[in-house]
Amino acid sequence: MYTTLITAEQLTALQRSAAPLMVFDCSFELMKPEAGAQNYRAAHIPGALYADLDTDLSAKHGMPGAHGEVVVAQDEGLPASGGRHPLPSREKFAAWLSSIGFANGMQAVVYDRNGANYCGRLWWMLKWMGHEAVAVLDGGLQAWQAAGGAVASGDEPARFQSNFVAAAPLVVLADTQRVLARLDQSDQTLIDARAAARYRGEVEPLDPIAGHIPGALNRPFTENLGPDGKFKPAAQLRAEFETLLAGRDPATVVHHCGSGVSALPNLLAMQIAGLGSTALYAGSWSEWSNTPGLPTRQGANA
């Protein structure tokens with residue numbers, strides 16, 4: 001069972017073993033949402049299915065309303081989080097997994113071509129569904145091709161429907177109320193995965209308000225990767241996070257970003273580093289900054 005990272009060579013061996021396996025391509029571009037599916041059809045790991053961030057891994061709810069209320073698509077049920085990419089309900093996500101033929105006994109492997117920015121979402125969501133056997137392909141499609149892996153084009157044949165059954169979550173989902181209640185308390189350490197300029201409030205290309213949640217530390221998710229696009233060694237990641245935390249307990253960490261997606265490479269990196277399974281505030285800045293009355297901060301100081 002692979003539960004954090006898997007190499008291209010390990011994935012090849014897993015494919016040859018005929019073990020129950022499903023591979024997912026999660027490539028995406030925020031500013032050009034259709035590009036992910038186009039890139040998938042141009043080249044993907046043979047047999048991989050495409051998981052779209054907007055339509056498969058998010059509820060159809062969009063931004064909160066003008067007064068902070070969640071805009072609900074009536075046929076979807078209540079989302080599990082707010083923000084620009086609200087989590088679907090666990091029931092809705094289980095139905096999607098069943099519809100594509102994913103079963104409880106399968107090993108899942110997820111990848112993208114975007115520095116693990118998007119595939120971490122599916123990795124975390126499967127853990128959220130109680131599914132332990134899911135791993136991120138280290139280095140993504142680029143590492144697969146560099147290792148001599150073949151690629152296919154077009155769409156893959158549809159799979160027979162399964163009956164995926166959700167179990168107790170293996171990860172912690174934090175909501176706005178929890179984050180607010182523990183703001184400035186020693187039992188919560190917020191880590192913001194956005195680029196430093198967005199964290200400081202100097203630019204904001206996606207959300208109406210610039211800045212960050214008061215007290216949040218900043219670690220851009222790209223800092224987890226080496227020049228080769230793969231995650232840094234576990235010992236290096238551990239040293240970097242311990243420096244950032246400066247004595248704070250890793251168990252208190254709650255990760256966030258703009259909409260709960262790019263925070264996940266940080267969460268995965270802490271697990272690779274042996275610092276435990278930490279929490280995710282999936283609504284992130286897009287929910288926090290659109291909720292009336294919540295404090296925000298700008299500048300370099302947390």
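**Exercise 1.** Which residue of β10 is the bridge partner of Leu173? Place this pair in its sheet.

*Solution.* Start with the pair: Leu173 has Leu280 in β10 as its bridge partner. Next, look at the strands (DSSP runs of E, at least two residues, numbered from the N terminus). β6 pairs with β10 (residues 279-281) in the parallel sense over 3 bridges; two strands pair if DSSP finds at least two bridges between them. Finally, step back: 5 strands form an open, parallel sheet in the order β6-β10-β9-β7-β8. Its edge strands, β6 (172-174) and β8 (217-218), each pair on one side only.

A quick note before you go on: this is a predicted model, where local features need pLDDT of at least 70, side-chain atom pairs count only at pLDDT 80 or more, and totals for chains, interfaces and linings use all residues. Residues are numbered from 1 along each chain as its sequence is written, and side-chain values use heavy atoms, leaving out hydrogens and water.

**Exercise 2.** How many residues of helix α9 are buried?

*Solution.* Buried means under 20% relative accessible area, with a 1.4 Å probe and protein chains only. Helices are DSSP runs of H or I with at least four residues. In α9 (residues 264-272), 8 of the 9 residues are buried, including Leu264, Pro265 and Ile272.

**Exercise 3.** Which residues make the contact between α8 and α9?

*Solution.* Use contact as heavy atoms within 4.5 Å. From α8 come Ala234, Leu237, Phe241 and Leu245, and from α9 come Asn266, Ala269, Met270 and Ile272.

Notes: Buried means under 20% relative accessible area, exposed over 50%, partly exposed in between (1.4 Å probe, protein chains only).
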